[in-house]
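Visitor: Could you take me on a close look at one helix and what surrounds it? I'm new to this, so please explain the terms as we go.

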Amino acid sequence: MSPRMAPQIIDTTAFADSISGLALFLDVDGCLIDLAERPEDVVVPPGLPGDLLRLSDRVGGALALVSGRAIADLDRLFGPLSLPAAGQHGLEWRATPSGPVERVPIDRAVLDRLGAALAGFAAGRPGLRVEPKGAAVAIHYRQAPALGPEVIAFARGLTAGAPGWHALAGKMVVELKPDGVDKGAAVERFLALPPFAGRRPLAAGDDITDEDSFAAALRHDGIALQVGDREPTVANRRLPDPAAMREWIAHLAASR
């Protein structure tokens with residue numbers, strides 16, 4: 001099998017002529033906004049919500065945030081802007097900006113047990129931080145990167161004893177969540193409904209957790225846009241960092 005080609009680097013003018021026919025699915029942390037040591041410390045640049053609103057108007061409302069964050073957290077970050085969204089890697093879903101948030105039913109007893117085990121593991125290891133996420137639980141090791149392999153192994157061991165759950169590794173974080181739900185499934189669900197249906201999808205993200213949304217976009221002859229230089233990836237387009245992503249969004253939002 002021949003090696004897959006590296007994603008093509010795009011500039012701020014890319015897709016300007018075809019933007020009105022696209023459906024946009026955008027990750028948040030590491031894609032739209034810069035990563036921070038702690039998730040609560042991220043900063044949304046002042047002009048970004050307005051650019052997203054104008055870009056949403058350009059694509060007829062077919063712009064959704066697809067994030068590991070809870071939808072309530074997305075609304076807090078970008079408010080008063082509200083958009084269609086999939087939160088917690090698809091465990092939450094909102095079809096329209098003002099619509100209800102649907103949540104995948106979970107076994108709360110299992111979630112509590114996994115969270116308690118992670119908390120006990122982190123207690124004796126400085127730099128680790130456990131984050132309850134409502135329908136999932138995550139453990140961050142950004143402040144203790146040397147512990148990454150140990151964290152991943154422990155998390156996978158926990159879910160091996162919890163049928164129906166799995167450990168999803170991302171950038172300096174591992175999330176324990178129910179099986180059968182991911183960002184790709186969320187993208188597919190959006191694409192079945194207006195105003196997303198019938199449009200060419202573009203999914204953008206930076207992390208391994210975005211590969212499912214990339215694959216969903218590519219199944220529909222779409223565009224998979226990797227932000228950053230993480231490899232391997234199925235993405236076919238690339239921007240170097242969130243600043244370039246914001247510049248691209250601003251250009252598309254302003255172009256006619």
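Guide: A polar contact is a pair of N or O atoms within 3.5 Å; within protein, one must be able to donate a hydrogen and the other to accept it, and residues adjacent in sequence count only if both atoms are side-chain atoms. This is a predicted model, where local features need pLDDT of at least 70, side-chain atom pairs count only at pLDDT 80 or more, and totals for chains, interfaces and linings use all residues. Residues are numbered from 1 along each chain as its sequence is written, and side-chain values use heavy atoms, leaving out hydrogens and water.

Let's begin at the start of helix α5, where a side-chain oxygen of D182 comes within 2.9 Å of the backbone nitrogen of G184. Helices (H or I, at least four residues) and strands (E, at least two) are DSSP runs, numbered from the N terminus.

Along α5, which spans residues 183-191, the buried residues (under 20% relative accessible area, 1.4 Å probe, protein chains only) are K183, G184, A186, V187, F190 and L191. These residues are on the same side of α5 because they cover an arc of only 160 degrees around the axis, taken from the directions from the helix axis to the C-beta atoms.

What lies over that side? The cover of the buried residues includes helix α6 (211-219) and the strands β2 (22-26), β3 (63-66), β4 (85-87), β5 (92-94) and β11 (200-205).

For a short side trip, find S56 in helix α1, residues 48-58. S56 is buried too, at 8% relative accessible area. Beyond its neighbours within four places in sequence, S56 is in contact (heavy atoms within 4.5 Å) with G61, A62, L63 and L83.

Key: Buried < 20%, exposed > 50% of the residue type's maximum accessible area, 1.4 Å probe, protein only.
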